[in-house]
Each structure stands twice: as structure tokens, then as C-alpha cells.
Amino acid sequence: MSDLDALRAALADTARAVRPQIIAPGVEAARRTLRRRRAIRAGVSSVLAAALVTLGFTIAVPQHKQPTLDPTPSPSVSSMAVESATPSPGPTSPSPTPSPKPSPSPSRSRLAVAAEQTNVTCPKTIRPKVRNGNADGPVRLTFYLPQSELDRMCPGQKVFISWATYEWLPQGDQFQTDGGGFELSAAMPSLSQSIGAANGGICRGDRYFHAGNTTFPHQLTGGKHLSKATLTDGRSTGIFEQHLEDGTACIAAGEIP
Amino acid sequence: MTEHREFAEFYSASFQKLAAALYVYTGDLAEAQDVVQEAMIRALARWSTVSTYEEPAAWVRQVAWNLATSRWRRLRRGLHLAAQGHVETPAPGPGPDRVAIVAALAQLPARQRQAVILHYLEDQPVAVIAETMGTAEGTVKSWLHRARAALAEQLSDEAPAEEVDHV
């Protein structure tokens, strides 16, 4: 027997001798192990999938939650906030909720903003009326919105009224003795203002009513007027945007040089 | 159902032979059984494919040897045995000659030992061994030559050394 045959025989004999001691776990054990591994793998896959879905949802939510212009906003505070809100480019990661929204400018009413959002064309010119507009003081002037104008106005639309009254000075100039401003709306369609009597026998001068927020000068010099429009005598109530009640009558009476 | 029966027949026909060869390689019967069972589980997982191979046993043998020679697996096995306070005991049954040959094989480098077992116990051609071990045929021949010389020297204490033929 060669050494190679001897080596082969020795190896075969050793392997053969050990075989009876080999305990095969069996096919069923192999199947159980395989089923268990597959179940674990499936479970892990499910957990990973759920985690990915959750993570993806968490990441995706801020993108979907980014404030967008609501195509049909209602005239409410929230709709105004939607219009003015923008994503806050802060250093932190996007929040799942929209960032705090800035409040609208104080110069713009909520309803006016809402009206802009709804693309409703609000009438730019509203014509209020006044009672006792040309009456001498002391008198109580009443400014009001007639029903025809109220019907034209947008919901919540307001009209600012500025007014001023002047008296003649002996030199032929006028100085403002009273004035003010206020808003009229559907919620407050009328307002009364009291105007005192001219002081010291000074003739009543011009009286201006202006639909809008304006500032009248303290003094009108050289017999000039702010507007050519003049209320005629006896017309105590009229439509106005910027009406003038001049002191013509007073001048005619010789009270003003 | 046929597939299950085919695998069961394959398992019965292959397990002991492969486990015995790996016992000669590892000197650890339990480790040999674990490695072969793991290879069988992997074969079962893809039996629809493995069963179509010309020699499914070759695929399982390859997997089992890869597992047995895996350094990571050997490390885990060593840690596992150490944690259990394992004391190496010779497998019962083989006589002194067989224990001697296993002990002599254990002195060989792992690659040479694997080549010897595959060639002289499993009757694998050098070309197949080279492919299995991922090396050149000449390298396998060199390993076999050195292994024979080393075995002859180690076993010379029990039997007079004889010149080993070239492969």
C-alpha cells in the first residue's frame, strides 16, 4: 500500500468511524429554522417599512403644510393670515405646523383684506350725505350713508370722512376753527358732529367735507378756497365728495371785507 | 410536495458524509454538524434553484466549507465555546490511529488541510479544489505535496516514513 493509499484509507476510516456519532438535526429542523428566519426577516422588513413610511410622512408633512393661498378664503382672521403667511426660513428644520402668521397691517381692515382676497370689486367712490351742512353754528351736523350707497358697498367696507370748518379773519384770510375725521360703514351708517358758533362775531367761513382721509390746512390765505364746488343757500343736505360752503353770503353781508 | 421529498432525500444522502469530512477538517464534531446544517438550510431556502444544478451536493459542500473556513465564524464559535466553558474532548469512537491522523491534520495550515481532505477524502479533482478554494491548480498541487510531506513526518513516530508520490 502506497503512502497515498494509506492516507486515503486513514482519512476514509476516520470519516467512516465518526459518522455514527453525527446527529443530523433533520430536514424538519432545517425547515423550522428557515421559517423562523423568514418570519423575522418579514417582521424586520415590516418595521423598517413602517419606519420609512413614518419618516417619509414626517418629512413630507411640512412640505404639504406650507402655507398656501386658499382659493376661497372666508373673511376671517385665519384667511387673512393665510394670505400673509410665508414659510419661515429659519435655521431649524421645517415644523409640521405653519409658522406663526403676522397680523395684517393696522391700516387695512380685516374685511377689506378679505374683500381683496375674494376679488370682489368694491366701489372706490362712496358718496355720503350730510344734514345741516350749511347751517350756521352752533349746529349739529349729521353725516350718513344713504341706503343706495350701503347697497353698493362691500361687506365691511368703510368710508372715512374728513371735515373742517373755517372762519374769516379781518385780513381776508380763513383759519380752521374745527375739524375731525371718522368712519362710516354699514355697522355705523351715520354720525353726528357738533360745530360751535363763530367766535367774536367773526363770519363763518368755508366748511369742507371730504370722503377720504385728508388733512386740511390751518389757514387759507388771500381769499382762496380749497374747492370750487359750493353749496347753494338753502341746501343743507347734499351729496358730496369734497364740497365747499364758502363764506360768500357773509362777505355779501359786509361782515368780511 | 415533490420538491420537499427531493430535498429530504438529498439531505439524508449528503449530510453525514459532508459532516464527517468537515469533522476531519475541524476536529470538532458539533461544529461540523452546525456548518453542514447551515449549508443545508441555505440550500433549502433556494432549493428550486439548487436542485437544478448538475450536482447540488457540490453547492452545499462549497457553502459548508466556506462557513467552516470563515474566520468570522471561527471567532464566533470560539467565543461561544469559551462562554460555555467548553473543554475540548476528543470525539469518541475513532481509535488511536484515527485520532492520530486528525491530530496530524490539525497541525497543517488550514488551506493545506482543506486541500488534503477534499482531494483524498472527498475525491475531488485538483481542478475542482482549485475552483472551490479560489486558487490556481498549481497552488493546490503544491499544498498537497507539502501536506503529504508534513503528514508523513508527523506520523513517522508511529510508522516509518515513506516517500510520497507526486500528484
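So, at what angle do the axes of helix α1 of chain A and α1(B) cross, and how close do they come? Roughly 115 degrees, and the axes come within 9 Å. Bear in mind that what you're looking at is a predicted model.

Let me stay with that crossing for a moment. In chain A the helix covers residues 3-18, and the crossing of α1(A) and α1(B) is right-handed. If you want to find the contact on screen, go to Leu11(A), Thr14(A), Ala15(A) and Val18(A) on the chain A side. They meet Ala20(B), Tyr23(B) and Val24(B) in α1(B).

Right beside Ala20(B) in the numbering is Ala19(B), also in helix α1 of chain B. Is Ala19(B) buried or exposed? Its relative accessibility is 0%, so Ala19(B) counts as buried. Which residues touch Ala19(B), once you set aside neighbours within four places in sequence? There's Ile22(A) from the other chain, plus Ala32(B) and Val36(B) from its own. One distance to go with that: the C-alpha atoms of Ala19(B) and Glu31(B) sit 8.9 Å apart, and these two are 12 residues apart along the chain.

Now, chain B as a whole. Nine helices, zero strands. If you read the elements from the N terminus, you just get α-α-α-α-α-α-α-α-α. Chain B has 167 residues, and 44% of them count as buried. About 8800 Å² of chain B is exposed, with carbon and sulfur atoms supplying 51% of that area. And on the contact side, take pairs of residues at least 6 apart in sequence: 62% of those contacts in chain B join residues at least 24 apart.

Back to α1(B), residues 2-26, which also packs within its own chain. The partner here is helix α4 of chain B, residues 56-69. These two pack at an angle of about 35 degrees, with their axes 11 Å apart. This crossing is right-handed too: α1(B) passes α4(B) that way. From α1(B) you have Phe10(B), Ser14(B), Leu18(B), Leu22(B) and Tyr25(B). Across from them in α4(B) are residues including Pro56(B), Val60(B), Arg61(B), Trp65(B) and Thr69(B). There are alanines on that α4(B) side as well, among them Ala57(B), Ala64(B) and Ala68(B).

OK, charges. Side chains of opposite charge can pair when their charged atoms come close. How many salt bridges does the structure hold over all chains? Seven. I'll go through a few.

Start with Glu38(B) and Arg37(A), whose side chains meet in a salt bridge at 2.7 Å, N to O. Why does this pair join two chains? Because Glu38(B) lies in helix α2 of chain B, residues 29-45, while Arg37(A) lies in helix α2 of chain A. As for cover, Glu38(B) counts as buried, since its relative accessibility is 12% and the cut-off for buried is under 20%. Arg37(A), at 30%, is partly exposed.

Glu38(B) has another partner, Arg42(B), with the closest N and O atoms 2.9 Å apart. Those two both lie in helix α2 of chain B, four residues apart, which is about one turn of the helix. Arg42(B) is partly exposed, with a relative accessible area of 35%. Put the shared partners together, and Arg37(A), Glu38(B) and Arg42(B) are joined into one network of salt bridges.

Then there's one inside chain A. Glu149(A) pairs with Arg152(A), and here the closest N and O atoms are 2.5 Å apart. Both residues lie in helix α5 of chain A, residues 147-152, and they're three residues apart, about one turn of the helix. Glu149(A) is buried at 9% relative accessible area, whereas Arg152(A) is partly exposed at 38%.

Last stop, the surface of chain A. Which residues form a nonpolar patch there? Ile40(A), Val44(A) and Leu48(A), with about 280 Å² of accessible area together. If you're looking for Val44(A), it's in helix α2 of chain A, residues 27-64. Its relative accessible area is 45%, so Val44(A) is partly exposed.

To leave you with one picture: α1(B) meets α1(A) through Ala20(B), Tyr23(B) and Val24(B), and α4(B) through residues including Phe10(B) and Leu18(B). And over at the α2 helices, Glu38(B) and Arg37(A) pair between the two chains.

Key: Residues are numbered from 1 along each chain as its sequence is written. Chains are lettered from A and ligands numbered from 1 in the order in which they are written. This is a predicted model: local features need pLDDT of at least 70, side-chain atom pairs count only at pLDDT 80 or more; totals for chains, interfaces and linings use all residues. Side-chain values use heavy atoms; hydrogens and water are left out. Patches are made of residues with over 30% relative accessible area and no salt bridge: like charges are joined within 9 Å, nonpolar side chains (Val, Leu, Ile, Met, Phe, Trp, Tyr) within 5 Å. Accessible areas come from the Shrake-Rupley method with a 1.4 Å probe; for residues, only the protein chains shown count as cover. A salt bridge is a side-chain nitrogen of Lys or Arg within 4 Å of a carboxyl oxygen of Asp or Glu. Buried means under 20% relative accessible area, exposed over 50%, partly exposed in between (1.4 Å probe, protein chains only). Axes are lines fitted to C-alpha atoms, for helices over the stretch in contact, and angles run from 0 to 180 degrees between N-to-C directions. A crossing is left-handed if the near helix is turned anticlockwise from the far one by less than a right angle, and right-handed if clockwise. Contact means heavy atoms within 4.5 Å.
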